[in-house]
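Work through these exercises with the model open beside you. Try each task before reading its solution.

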Amino acid sequence: MTTFSESAATALQLITTMDAELLTIVGRSLAVSASACLLACSLGLVLGAWLGVARFAGRGAVLTLLNTYLAVPSVVVGLVVYLLLSRTGPLGFLGWLFSFKAMVLAQAVLVLPVVTALTRQAVEDAQNLHGEQLQSLGAQPLMRSLLLAWDERYALLTVLIASFGRAISEVGAVMIVGGNIDGFTRVMTTAIALETRKGDLPMALGLGLILLSVVLLLNALIGGLRRWREARESGTAPAAPLGVSA
């Protein structure tokens, strides 16, 4: 208990004094995850919206494959990206292995199925409610998918926040492709694992507290967006015409 209390006190001191090493790791972790989410969401939102509307042969197999990717362990994603970026791999000429770019790519590949699947579900639900009306107006599948995605933009904001939470809490893939190099590719999750093995519990606990705070903030944002959307929708009911009593 004494060791824990001392480590916790030192960890809080590192956070309150804004320790340079700790802030560097946190900043790098946020930058990697934000960049990965930007890439994954740019593709995943469009692809998911299209899958929510399009109907084609083999769609069921595509959705099954997409849902399977949701359960792929992060270490497997890291291994695949490592093989792609290795010197003998097809992308080896880029020289990205054990770099910031490699970690961004690994997290983007990990987050892409999450964004695509959640977007597809939200747009498909909207398609079931309003798709026939848009189709009767002559909107083609791509246009319908974009219109329905815009209509569900507040729900998709939740998808973006959830994808960032998935990315920033990931450890396996970035450990494999980044190498956890001090000052270059060390992020919060990999640093926590390393510092715990080294016995530097204050640093590990400080990073853990910051990571928990980030995840808590993301969950609070998701809950706030959900309540705001419900309040907004409940307040947009059409008013009765003037002179007509309810």
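Helices here are DSSP runs of H or I with at least four residues, strands are E runs of at least two, and both are numbered from the N terminus. Read with that rule, the protein follows the pattern α-α-α-α-α-α-α-α-α-α. The model is predicted.

**Exercise 1. Overall build**

Task: State how many helices and strands the protein has, what box it fills, and what share of its residues is buried.

Solution.
- Step 1. Count the elements. The protein has 10 helices and zero strands.
- Step 2. Take the box along the principal axes. The C-alpha atoms fill roughly 70 × 55 × 25 Å.
- Step 3. Look at burial. Of the 246 residues, 41% are buried.

**Exercise 2. Two cysteines**

Task: Explain why Cys 37 forms no bond with the closest cysteine sulfur.

Solution.
- Step 1. Recall the cut-off. A disulfide needs two cysteine sulfur atoms within 2.5 Å.
- Step 2. Find the partner. The closest cysteine sulfur to that of Cys 37 belongs to Cys 41.
- Step 3. Compare. The two sulfurs are 5.4 Å apart, so they are too far for a bond.
- Step 4. Turn to the other residue. Cys 41 is in no disulfide, and its nearest cysteine sulfur is that of Cys 37.
- Step 5. Widen the search. The whole structure holds zero disulfides.
- Step 6. Check exposure. Buried means under 20% relative accessible area. Cys 37 has 7%, so it is buried. Cys 41 has 9%, so it is buried.

**Exercise 3. A helix pair**

Task: Describe how α2 and α5 pack.

Solution.
- Step 1. Choose the two quantities. Packed helices are described by the angle between their axes and the distance between the axes.
- Step 2. Locate the helices. Helix α2 covers residues 20–53, and helix α5 covers residues 100–136.
- Step 3. Read the values. The angle is about 35°, and the axes are 5 Å apart.
- Step 4. Give the hand. The crossing of α2 and α5 is right-handed.
- Step 5. Sort the contact of α2 with α5. Its residues comprise 20 nonpolar, nine polar and three charged.

**Exercise 4. Pocket and cavity**

Task: Give the volume and the lining of the largest pocket, then those of the largest cavity.

Solution.
- Step 1. Start with the largest pocket. Its volume is about 180 Å³.
- Step 2. Name some of its lining. Among the residues are Leu 45, Ala 49, Trp 150, Arg 153 and Leu 160.
- Step 3. Assign elements. Two or more lining residues come from each of α2, α6 (141–151) and α7 (153–168). α7 gives the most, with four residues.
- Step 4. Classify the pocket lining. Nine residues are nonpolar, none is polar and one is charged.
- Step 5. Move to cavities. The structure has one cavity of 30 Å³ or more. The volume of the largest cavity is about 30 Å³.
- Step 6. Name some of the cavity lining. It includes Ser 29, Gln 107, Glu 170, Val 187 and Thr 189.
- Step 7. Assign elements again. α2, α7 and α9 (188–198) each supply at least two residues of the cavity lining.
- Step 8. Classify the cavity lining. It has five nonpolar, four polar and one charged residues.

**Exercise 5. Far in sequence**

Task: Find how many residues separate Leu 38 from Ala 108, and Ile 176 from Gly 78, then give the C-alpha distances.

Solution.
- Step 1. Place Leu 38. This residue lies in helix α2. Its relative accessibility is 58%, so it counts as exposed.
- Step 2. Pair Leu 38 with Ala 108. They are 70 residues apart in sequence, and their C-alpha atoms are 8.2 Å apart.
- Step 3. Place Ile 176. This residue is in helix α8 (residues 172–178). At 28% relative accessibility, Ile 176 is partly exposed.
- Step 4. Pair Ile 176 with Gly 78. They are 98 residues apart along the chain, and their C-alpha atoms are 5.7 Å apart.

**Exercise 6. Positive phi**

Task: Say where Phe 98 and Asn 180 lie, and give the phi of each.

Solution.
- Step 1. Set the background. Most residues other than glycine have a negative phi.
- Step 2. Take Phe 98. Its phi is positive, near 60°. Phe 98 sits in the loop between α4 (74–85) and α5. With a relative accessible area of 38%, Phe 98 is partly exposed.
- Step 3. Take Asn 180. Its phi is also positive, about 55°. Asn 180 sits in the loop between α8 and α9. Its relative accessibility is 8%, so Asn 180 counts as buried.

Key
Residues are numbered from 1 along each chain as its sequence is written. This is a predicted model: local features need pLDDT of at least 70, side-chain atom pairs count only at pLDDT 80 or more; totals for chains, interfaces and linings use all residues. Side-chain values use heavy atoms; hydrogens and water are left out. Buried means under 20% relative accessible area, exposed over 50%, partly exposed in between (1.4 Å probe, protein chains only). Axes are lines fitted to C-alpha atoms, for helices over the stretch in contact, and angles run from 0 to 180 degrees between N-to-C directions. A crossing is left-handed if the near helix is turned anticlockwise from the far one by less than a right angle, and right-handed if clockwise. Ala, Val, Leu, Ile, Met, Phe, Trp, Tyr, Cys and Pro count as nonpolar, Asp, Glu, Lys and Arg as charged, and the others, Gly among them, as polar. On a 1 Å grid over the protein atoms alone, a cavity is a set of points where a 1.4 Å probe fits but cannot get out, and a pocket is an open set with protein on both sides within 12 Å along at least five of seven lines; lining residues have an atom within 4 Å of a point. Grid points are joined across faces, edges and corners, and a volume is the space filled by probe spheres set on the points.
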